[in-house]
Structures are given as C-alpha cells and as structure tokens.
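Visitor: Please take a close look at one topic for me, the salt bridges. I would like to go through them pair by pair, with the surroundings of each partner.

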Amino acid sequence: MPHALGFDSSTQSLSAVLLDLDTLRITHELSLPFGELTDYASPRGFLENLSDGQVHADPRLWVAALDVLVQRMKDAGWPLSGVTAISGSGQQHGSVYLKEGFAARLATLDPARPLGPQLEGIYSRATSPIWMDGTTSAECAEIAATLGGAEVVCARSGSVAVERFTGPQIRAFYKRDPQGYADTARIHLVSSFLCSLLIGADAPIDTGDGAGMNLMNLAAEDWDAGLLAATAPDLAAKLPPVSPASKPCGTVSAWLVQRFGFDPSCIVLPFSGDNPSSLVGMGAATPGRVVVSLGTSDTLFAAMTEPRTDPEGCGHVFGNPLGGYMTLACIRNGSLAREAFRDQLGADWSAFEAAGDADLPETATTIPFVADEITPKRPGGLSEADTSLATPQRVRAFLEGQAFNLLRQLEWMHLKPTELCLTGGASKNNGIARVFADVFGVPVSRLSVSNSAALGAAMRAAIAAGAPTEDLVKSLCASDSTIQPTDRGTPARYGNWLLALRAGA
Ligand code: ADP
Ligand code: XUL
C-alpha cells in the first residue's frame, strides 16, 4: 500500500506523520522530544545560557534525532518500504554552516553506521543560531542602510531586516568570525539541511522558508543579488538554489534505503518552514482560514493572494507551499512564557484549564512578555495590573494579553475571520482555547492531529504522489472539536490592554 511521509523538526521535537494514500488517512504518528537525547545539553532543543543573549542549537542534535526517530518508526513496524513520497519542515530561520565536502560526505555514507558520527568535522560553525536569537540589530541596520532603507528590504524580501532572520544572522557570523565564514562552503536552513540528509545531496531551499531569510526576492522567487551583497561576501556561492516547494528534489539516499528499508524510487520534496507547512496541514493553504499556532512561539497566519506587509515591521510575508503567499505574525513569548508564568504561580496546566471560565474585572490587564518580545519589539518583563486576583483569573489576564497581541495583527493583515483554527502543543488546553475564542469573538476549532506541520509535509508529499488537494483537506483537516465564544466583556479590556501596551512602549 502506498504511503506519504512528513517530518517536522521544530524547536523542541522531531515528529513524523504517515498517510495511507489509498484511504487518505493518517496511519502512524510519532514524536521525539529533543530533550530525550541527553548528549546535547538541550532539554528544550536549544543551548541555554549562551553569552550575550545568543540563542543557538547544536545541529548534531537534529542529525541524531533523525536517525533515532526513523529507527523507532522501523521498530514500531511502519511500512517504510511502501513510502512513495516524503517531505518535511523545520523551525524557520535557523541556519547550519558546513565546510566543503558536505554533499560528498552524504553521498558516501555507510548504512551500517548512524548518521551523526559520519558527519563529524563537517561543520564550519559548531552551533546554529535559531529563531529565538535577537542579537543582530546592528547587522539589520547595516543591511537596511546599504539597501537604502528598511522599506526597500521589505519590498524585496517581504519583511524588513529582522534579527532572527537568516541574512542578518549570516552577516553577524561573517563579522564575528571571518575565518569561520571563509571556511563555510554551504549554508543551509534547518529545513534544507534535514532534506539534504534524506536525499544524500545538497537540497534546495523552498520559497516558503526562503522568504524568512531577508535574502530572497519575493517576486522573483530567487536570491536577490542586492540583498546578498549587503549581507556578506561570496554569499551566492554558499547558498543552495531556491526551488518551489512542489518540485521533487531527489529520491531517498542509499543510506536510508539500506539502513531502514525505504524504496529507492521514493521521491523527496523540498522541506519548508514549520509555519508554511502548518498552513497546508491546517487546510488553510487556500485563503479563508486563519490559523493560530501555540507552539514554542505563538504564530498567527493565513494564506493570501497578494503580499501585504506590516507597517510596524514585525509581521511577514512568506511563500505559500501550495502557491501564492502567506502572512505571518510571530510572538516569541508563547509556550515558554506560559510555562514560566505557570511556574511562577506554583500552578500546573489545570490552572490554565480553569482560566477559560474565570471572570475578570475590566482593569485586569497583563502584558505577558516574560522574555524580550519581537512582536512588538519590547524588552522582557511581565507587567500584571492586579496580583491579588485568584490564580485562574491571573492566568486568564495573562492569556488574554497573549491573545490580544495576536488579535491586533488582524488589522494590518486586513483579515476578519469567522472562525479560528488552533494548533500547536498548547492548543489542546481547553481553557487556553476558550480564551482565544472569547478574545477573537469567533468559534475556535482544533484538528485531531497534534502536529499540523508534519501533517502538512505529509500532505505535500501526497499531492506530489498524485492525491488531490481537496480530498486530502476533506479527509484530514476537518475540525473535531469546536469551542464557541462566550461574552466575558473582553472588548473593554482590549482597549485597556492597548493603552497598557502603548504606555510600556
Ligand atoms: P514546537 O513545535 O515549537 O516544538 P509544540 O507545538 O510541540 O512546540 O508545543 C510545545 C509546548 O506545548 C510546550 O512547550 C508546552 O508548554 C505546551 N503544552 C503542552 N501541553 C500543554 C497543556 N496541557 N497546556 C498548555 N500548554 C501545553
Ligand atoms: C516564525 C518563527 C517561529 C519559528 C519556530 O517566523 O520565527 O515560528 O518558525 O516555530
């Protein structure tokens, strides 16, 4: 029986979803939290407490996770020899720096040995900056100045120069370690790096994830010579080509075939970013559905036919893996902020469940930016108007603050949703889902699949294998639980919250 396989290498875990191409149903799902791989000192998937606020991950962790997860899939009896197409996604913006010979190394892997040790010594930079790194403000300013202003960068790439985006991160590496940069022959995104491991060769960067680099010309769907020149020397030679997400980029490598029993004719599609892939997995790749993903970051996104940019410079336009564009706002203080607040209160997730039904005074406004925030740009610091409230009320005020911050993004996106589709690890919490329904004033629906990014990747693979998109969406993206909004007086609190936000600017 033919199957399509999707991977998602997110901030905190690597997941896989398998689809049966005859029934168009999910047959298998598995997730590996990166914290299980204890050799990499990354309980949450990244290296904690680096100097100067840098946030990097160990790329060897992503490699080891792929080997371990596929082994577990094989041991659990997944029909790997029946997989006819594979795609995947990765956390956006993160970059991997490789010396000359990466592709040659991949082409000659020994199937008797795991992947990690065979790639030792190939990294020209030991660690990979990820999306949580906000240390490149100087480089963003330099790139904008060279191009003639932030709006020029935005018009070309879909976003103003942004700290976590790959271009400014590459420039920072070039400035901080010119020799390391000179020793780098290839720079991959997390997505294209993982895809390279599957095909045993350099994989391209798709237009969805490529748009999160400040290096790709959105209209031309190719590298922008001006952006490249403003970022670092000889950059064109170090980047893989840009490709539409729908164009197969190879077949599975001999290493995968011989080690795990994949069929050598199984095709692989370029990986995309986790958000673009989630757009597909939520059945939102055609304009109409608005998605909120409550993962490590909280994001709000939707498909759009015309690119629309954020006047505040915090929102983005990316390529939609099924064609056209998508709009996205990313909040850094997502799940990790909820966890920090939960721990500060000495509570557990049940307090967040209870928050759904808590009533609040109009003045209960919380600005929930535990760590430095990127949307809007604000230094970290929790601001709670009333700490004498009961715990579920304090949690509700905190969650409303998070939801208000996403709600106000709808303005520049020109979106008026009639329903919100919720995904990500925190979406299964009914109290959190209820607060989002109340704040947006529309029903909130959730899909049964826990990882919409991996599902979206599997759906893209299925489409390449011939499955009709509408049938996949009908079969896999129907909501299985809907929460109706209640009237808890949020409009008045929204006004107060906006005032509190502006006062803290
Ligand atoms: P990512 O894809 O960014 O790696 P996930 O979408 O898997 O992240 O979400 C992981 C987060 O989900 C965890 O950090 C955790 O805070 C949150 N989470 C898991 N279960 C719950 C719950 N019951 N209530 C609230 N948040 C939860
Ligand atoms: C999007 C962003 C995050 C990462 C991690 O711009 O930075 O959502 O993709 O999920």
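Guide: Start with Glu-142, which is partly exposed, because its relative accessibility is 27% and the partly exposed class lies between 20% and 50%. Keep in mind that the model is predicted. The side chain of Glu-142 meets that of Lys-175 in a salt bridge, with 3.0 Å from N to O. This pair links distant parts of the chain, since Glu-142 belongs to helix α4 (residues 137-147) and Lys-175 to helix α6 (residues 166-176), 33 residues apart. Lys-175 is partly exposed too, at a relative accessible area of 35%.

The general idea is simple: side chains of opposite charge can pair when their charged atoms come close. In this structure there are 19 salt bridges.

Another of them joins Arg-394 and Glu-384, whose closest N and O atoms are 2.8 Å apart. Arg-394 sits in helix α16 (residues 391-407) and Glu-384 in strand β23 (residues 381-384), so the salt bridge ties together parts that are 10 residues apart in sequence. Arg-394 has a relative accessible area of 15% and is therefore buried. Glu-384 has 18%, which also makes this residue buried.

Some salt bridges share partners, and in this way Asp-359, Arg-396, Glu-400, Asp-438, Arg-488 and Arg-493 are joined into one network.

A third pair is Asp-58 with Arg-60, where the closest N and O atoms are 2.8 Å apart. Here the two partners fall into separate classes: Asp-58 is buried, at 7% relative accessibility, whereas Arg-60 is partly exposed, with a relative accessible area of 41%.

Now return to the network, because Thr-486 touches two of its members. What joins the side chains of Thr-486 and Arg-488? A polar contact of 2.9 Å does, and Arg-488 is one of the residues in the network. Beyond its neighbours within four places in sequence, Thr-486 is in contact with Arg-434 and Asp-438; Asp-438 is also part of the network. As for its setting, Thr-486 lies in the loop between β26 (481-483) and α21 (490-503). Its relative accessible area is 31%, so Thr-486 is partly exposed. For a sense of scale, Thr-486 and Lys-416 are 70 residues apart in sequence, and their C-alpha atoms are 18 Å apart in space.

Technical notes:
Residues are numbered from 1 along each chain as its sequence is written. Chains are lettered from A and ligands numbered from 1 in the order in which they are written. This is a predicted model: local features need pLDDT of at least 70, side-chain atom pairs count only at pLDDT 80 or more; totals for chains, interfaces and linings use all residues. Side-chain values use heavy atoms; hydrogens and water are left out. A salt bridge is a side-chain nitrogen of Lys or Arg within 4 Å of a carboxyl oxygen of Asp or Glu. Buried means under 20% relative accessible area, exposed over 50%, partly exposed in between (1.4 Å probe, protein chains only). Helices (H or I, at least four residues) and strands (E, at least two) are DSSP runs, numbered from the N terminus. Contact means heavy atoms within 4.5 Å. A polar contact is a pair of N or O atoms within 3.5 Å; within protein, one must be able to donate a hydrogen and the other to accept it, and residues adjacent in sequence count only if both atoms are side-chain atoms.
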